[in-house]
Structures are given as C-alpha cells and as structure tokens.
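Dear colleague,

I am handing over the structure that you will be looking at next, and I would ask you to keep it open while you read the notes beneath it.

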Amino acid sequence: MDGRPVLVSTEYEDPTADAVITELNRRRVPVLRLDPGKDFPESVVLAAHLGPQGWGGTLTYAGRTIDLGNVRALYHRRPSPYEPTADEQAACFGARENRRGLGGVLGALPGCLYLSHPQAIARAEYKPAQLATAATLGLTVPRTLITSDPAEAKSFAAEQPTIYKPLHASAYFVGDEPAGIWAAPVEPGELDGSVGHCAHLFQAQVAKVADVRVVVVGDQMFCAKILAPPGVVDWRSAYRNLTYEPITCPNAIDAALHRFLVRFGLSYGAFDFAVTADDVWWFLECNPNGQWGWLEAAAGLPIASAVADLLENGVRT
C-alpha cells in the first residue's frame, strides 16, 4: 500500500473538497487537510530542509507529521489568503513571509503532483491570456475589446449586440451583502466617462441556445449542457431555474482544451462555452480552479472520483 499522503489546501467549509476527501478515505489514501493562510503558524509547524533532491523535512498539524519530501499530491482548492492578524507593520511583514515561506515550500515539493500548481492557477486567471490562447488553439472566440477609452467602448457596442463582463470574479459587496457581477448586455448610450476609471472587457454577444460547462480533470473530461430561462445572459444569475444534461464534447474541442491546460501547466480546468443554433461552440472563459460540486449532482457526472483518481495515481513530476 502506498503510504504517501495527499495534502488538501482549502478553507474550513468546502463541501467540494469534502467529497474528494471522502472518496480518498474510501480508497485508504492518507490525507492531510489544512488551510495554510489560517492555520500557520499558530497550528502548523514547518521544518523544511533543502537537500540534493529539493525540499524535505516535516510539516506538523493536528497531531500528524508528514515528510515534505514524500508528498504524493497537493490539491490546491480554496485556501484562505495569508492575511496579517493586525494592522501593525510587523504583522504585515509576517503574513508576507508566511506566504513566501510555507506557500513557497508547498509549491516546490519534489515529486509532487499539483492539482493545480498555485502559480499556474494564478497565471491562468488572466482573461486576456485565456482568450488569446483559446484563439491560437483554433477555438471560436467572440470579438473582444478591453479598454479604458469611453469612445472605443461606445464604438464597439454600436457595431453589434455587446455584453460587459468583469475581468476577474473577485469579491464585491453591496453594503454588507456579497454580490455577483454578472455578464450583462450594454448599450452604447449607457457607456460614459466612468469607463475611463478602470479596464473594461466587452464582447460581442453570442446568440446562444445553450451554455456548456466542460470540466477537465487530467485526461478525463465531463460536459454538461446548461439551459437557462429565456433572456438569461449569464446562467450563474439563475441557478435555481437551470436544467442540465450530460453531453459529449466534440473531438476537436476536446483536443484543444487538453492543449490549453498544457500551455498553462494546469491539471484541471472548468471551461464555459456558449452554443448557437448551428452547433458552434464559442469559448467564453476558463476558471482554472472552478467549482464543480453542484454540477456532479445536477448532471450525474462522477467528477469527485476523477479528482481522486488524479490525486491518488498522478504521475510524480
């Protein structure tokens, strides 16, 4: 029996990680779950030593000690950021050192499979890079403008039906309540000088009949058609009114998405497409660490098992 552990790096409440850990436990794969940004250094003790084969030493948490040179895989799910515990300069310095110390060691483990490497995830989160890569791989991408020029934005929106979407799905609050900024149609007359306050992403609106979420886990691929009520542009704004259907991904898109992951050094990607009546799949974006837990139940896709397969059996690099 392979006794090497899998590290799961995520926040305390993460039902998606829970499903994977349950499957790994069923297979008797050793698992250590922690939230580095919250647990270190109060509850986690790090003693990393550099040797000829890279980093070794130990990591101790919750009464367990693991050999850093013998970690099977690291599942980088949704860990909390390394944040200072106070406003003092020393606390801010300590948080930065923790991120580059513990975070740096966890990102440089010898022979460890990463799902995915945090630096690869960070690189792949940039939509301009995603869209350019998708286009070079032969995927169909909507006409896109990124600008801070109100005149350019107005001109673009006047040329075709246009949507605005944020460049990153970061936290946004209205008062004390979390809110989502969804992709939404925009008219030329709505665009004013406020466009000049930051970068904006505008795209030609696709006349879609359905959306598709494609989840790629290593060599395995899972596709679900998502049907939203008429008039819904961004299906994420209507979760309670969606229907799902598992479908097969076209071969050409399957191949392109695996090449996309290779380009970014990813082991996982959640891709969104808009599909038109003539069955053209329009690439919208890739979330390199996107959610999939709800989709497994809604569309009957065995994604947790695929993630566990990769963490249990992935090739050491």
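What follows is a short account of what was found, going from the domains to single residues.

Please bear in mind throughout that this is a predicted model.

The domains

The chain is divided into three parts, with domain 1 covering 6–115, domain 2 made of two stretches, 122–140 and 208–313, and domain 3 covering 144–204. If you want a sense of how domain 1 and domain 2 are placed, their C-alpha centres lie 28 Å apart, and 17 residues of domain 1 are in contact with 15 residues of domain 2. Together these two domains bury about 1500 Å² between them, and 56% of that area is on carbon and sulfur atoms. On the domain 1 side, R27, R78 and L115 supply 37% of the area buried against domain 2, which is more than any other three residues.

The contacts between domain 1 and domain 2 can also be counted by kind, and here the model gives two salt bridges along with nine residue pairs in polar contact. The elements that give two or more residues to the side of domain 1 touching domain 2 are helix 1 (15–26), strand 6 (73–76) and strand 7 (113–115), and the largest share, five residues, comes from helix 1. Sorted by class, that side of domain 1 has ten nonpolar, two polar and five charged residues. R27, already named for its part in the buried area, also has a side chain that meets the side chain of D309 in a salt bridge, at 2.7 Å from N to O.

A buried residue and an exposed one

Is L201 buried or exposed? L201, which is placed in strand 13 (residues 200–204), counts as buried because its relative accessible area is 0%, and the cut-off for buried is under 20%. Leaving aside residues up to four places away in sequence, L201 touches several others, among them K127, L131, I146, I163 and Y164. K127 is 74 residues from L201 in sequence, and in space the two are 9.2 Å apart, C-alpha to C-alpha.

G63 belongs to the loop between strand 4 (54–61) and strand 5 (64–67), and with 80% relative accessibility G63 counts as exposed. In sequence G63 and V44 are 19 residues apart, while their C-alpha atoms are 9.6 Å apart in space.

Backbone points to check by eye

As background for this last part, most residues other than glycine have a negative phi, and most peptide bonds are trans. In this model the peptide bond from F40 to P41 is cis, with omega near 5 degrees, and P41 lies in the loop between helix 2 (36–39) and strand 3 (44–51). The peptide bond from L115 to S116 is also cis, with omega near -25 degrees, and S116 is found in the loop between strand 7 and helix 4 (118–124).

Two residues that are not glycine have a positive phi: for R28 the value is about 60 degrees, and for D279 it is near 65 degrees. R28 sits in the loop between helix 1 and strand 2 (31–34) and counts as exposed at 65% relative accessibility, while D279 lies in the loop between strand 17 (268–276) and strand 18 (281–287) and is exposed, with a relative accessible area of 55%.

With kind regards

Terms used:
Residues are numbered from 1 along each chain as its sequence is written. This is a predicted model: local features need pLDDT of at least 70, side-chain atom pairs count only at pLDDT 80 or more; totals for chains, interfaces and linings use all residues. Side-chain values use heavy atoms; hydrogens and water are left out. Domain bounds come from an automatic or database domain assignment. Contact means heavy atoms within 4.5 Å. Buried area is the accessible area (1.4 Å probe) that two parts lose on being put together, summed over both. A salt bridge is a side-chain nitrogen of Lys or Arg within 4 Å of a carboxyl oxygen of Asp or Glu. A polar contact is a pair of N or O atoms within 3.5 Å; within protein, one must be able to donate a hydrogen and the other to accept it, and residues adjacent in sequence count only if both atoms are side-chain atoms. Helices (H or I, at least four residues) and strands (E, at least two) are DSSP runs, numbered from the N terminus. Ala, Val, Leu, Ile, Met, Phe, Trp, Tyr, Cys and Pro count as nonpolar, Asp, Glu, Lys and Arg as charged, and the others, Gly among them, as polar. Buried means under 20% relative accessible area, exposed over 50%, partly exposed in between (1.4 Å probe, protein chains only).
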